[in-house]
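Good morning, and thank you for coming. I would like to introduce a structure that will be new to most of you. Please take a moment to look at the sequence and the model before we begin.

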Amino acid sequence: ASSGVFIYDPTNNSWSDVSDKGMYYWTKDIVVDPNDLTQNTWYVAVFSGWGGAPNGLGGLYKTTNRGQNWTKLTNSQFDRVTSITFNPKDKNEAYLTTETQGLWVSKDMDQSIPSWALVETYPFRQPERVFFNPYNDKEMWVSSFGNGMKVGSIKTTGVAEFDSQPILFQVYPNPTKNFIIVQYIGEKFSKETKIRILDISGVQINETKMIENHTNISLSDLKSGAYILEVVTENNQIDFRTFIFKQ
């Protein structure tokens with residue numbers, strides 16, 4: 001029992017434990033409610049154990065007074081919760097990630113006990129964190145443990161939807177120093193396919209036509225850092241998108 005929520009006092013150079021008993025073993029994340037200007041409201045994601053004392057403790061916890069009192073918002077609905085992310089465009093909407101139960105969304109975070117719905121188009125059981133694209137309010141990115149990064153499109157309903165089609169492109173080596181190879185692993189290859197490199201803010205740097213099933217692209221002119229690679233087919237449709245890292 002060595003996990004939990006702790007507050008640091010810089011005046012006394014000391015820590016105080018404000019944990020709920022359910023947080024003693026597998027506290028995963030603390031998120032300050034972005035809608036509370038006083039920063040008194042926190043959400044804490046917790047895993048259950050794999051045997052023994054931590055069993056049955058996982059879920060999402062909430063405090064409105066900086067840890068003096070806690071409420072478990074999810075009862076036994078979720079066994080292991082990793083994180084929660086609020087939609088910056090909708091203060092009552094938040095996405096919750098789990099270890100084996102997939103990605104969930106609530107549209108009523110203003111309620112004392114919010115309700116949750118499975119994001120059925122997200123194709124993997126273990127999402128890790130959700131990020132809203134600050135440069136495109138129609139995109140939501142989700143990292144995972146074992147299934148890469150997925151991009152969801154925010155629909156008119158306000159909920160993200162994900163393309164569950166199989167990935168047909170591979171990019172390697174990544175990270176890389178001087179070049180990358182983009183390889184198509186499907187059956188039919190369109191000669192109208194283009195490869196775009198964008199900086200992290202979404203500004204296009206270059207574009208290369210993919211003339212065969214594997215195309216070598218030089219990165220020697222780029223500075224070290226993270227970039228976005230997009231594979232674009234007919235009608236400027238983005239079929240594949242990933243991060244690449246130039247060393």
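A residue is called buried here if its relative accessible area is under 20%. By that criterion, buried residues account for 43% of the 247 residues in the protein. Please bear in mind throughout that this is a predicted model.

Let me begin with the overall picture. The protein has 21 strands and 0 helices. Its C-alpha atoms fill a box of roughly 60 × 40 × 40 Å along the principal axes. Among contacts with a separation of 6 or more, 41% are between residues 24 or more positions apart.

I turn next to the surface. The protein exposes about 13,700 Å², and carbon and sulfur atoms supply 48% of that area. As for charge, there are 23 positive and 27 negative charges, and the mean positions of the two sets are 3 Å apart.

Let us now move to the interior. Which residues touch the most other members of the largest nonpolar core? That core has 16 residues, and the ones in question are F169, V171, I180, V182, I197, L229 and I244. Five elements are listed as giving two or more residues to this core: β15 (169–172), β16 (179–184), β17 (194–198), β20 (225–232) and β21 (238–246).

V171 serves as an example. Leaving aside residues up to four places away in sequence, V171 touches I180, I181, V182, L229, F240, T242 and I244.

There is also a second, separate core, which has 14 residues. Its members include L60, F78, V81 and A94.

I shall close with two hairpins. The hairpin of β1 and β2 pairs residues 6–9 with residues 14–17; the strands run antiparallel and are joined by 4 bridges. D9 has S14 in β2 as its bridge partner. Between the strands lie 4 residues, and N13 takes a positive phi near 55°.

The other hairpin brings us back to β17, one of the elements that contribute to the largest core. β17 runs antiparallel to β18, residues 204–209, and 5 bridges join the two strands. Here L198 has Q204 in β18 as its bridge partner. This hairpin has 5 residues between its strands, and G202 in the turn has a positive phi of about 95°.

On strands generally, one point is useful when viewing the model: in a regular strand, side chains alternate between the two faces of the sheet. Thank you for your attention.

Note on methods
Residues are numbered from 1 along each chain as its sequence is written. This is a predicted model: local features need pLDDT of at least 70, side-chain atom pairs count only at pLDDT 80 or more; totals for chains, interfaces and linings use all residues. Side-chain values use heavy atoms; hydrogens and water are left out. Buried means under 20% relative accessible area, exposed over 50%, partly exposed in between (1.4 Å probe, protein chains only). Contact means heavy atoms within 4.5 Å. Accessible areas come from the Shrake-Rupley method with a 1.4 Å probe; for residues, only the protein chains shown count as cover. Lys and Arg count as positive and Asp and Glu as negative; His and the chain ends are not counted. The place of a charge is taken as NZ of Lys, CZ of Arg, CG of Asp or CD of Glu. A nonpolar core is a set of buried Ala, Val, Leu, Ile, Met, Phe, Trp, Tyr and Cys residues joined through side-chain atoms within 4.5 Å. Two strands pair if DSSP finds at least two bridges between them.
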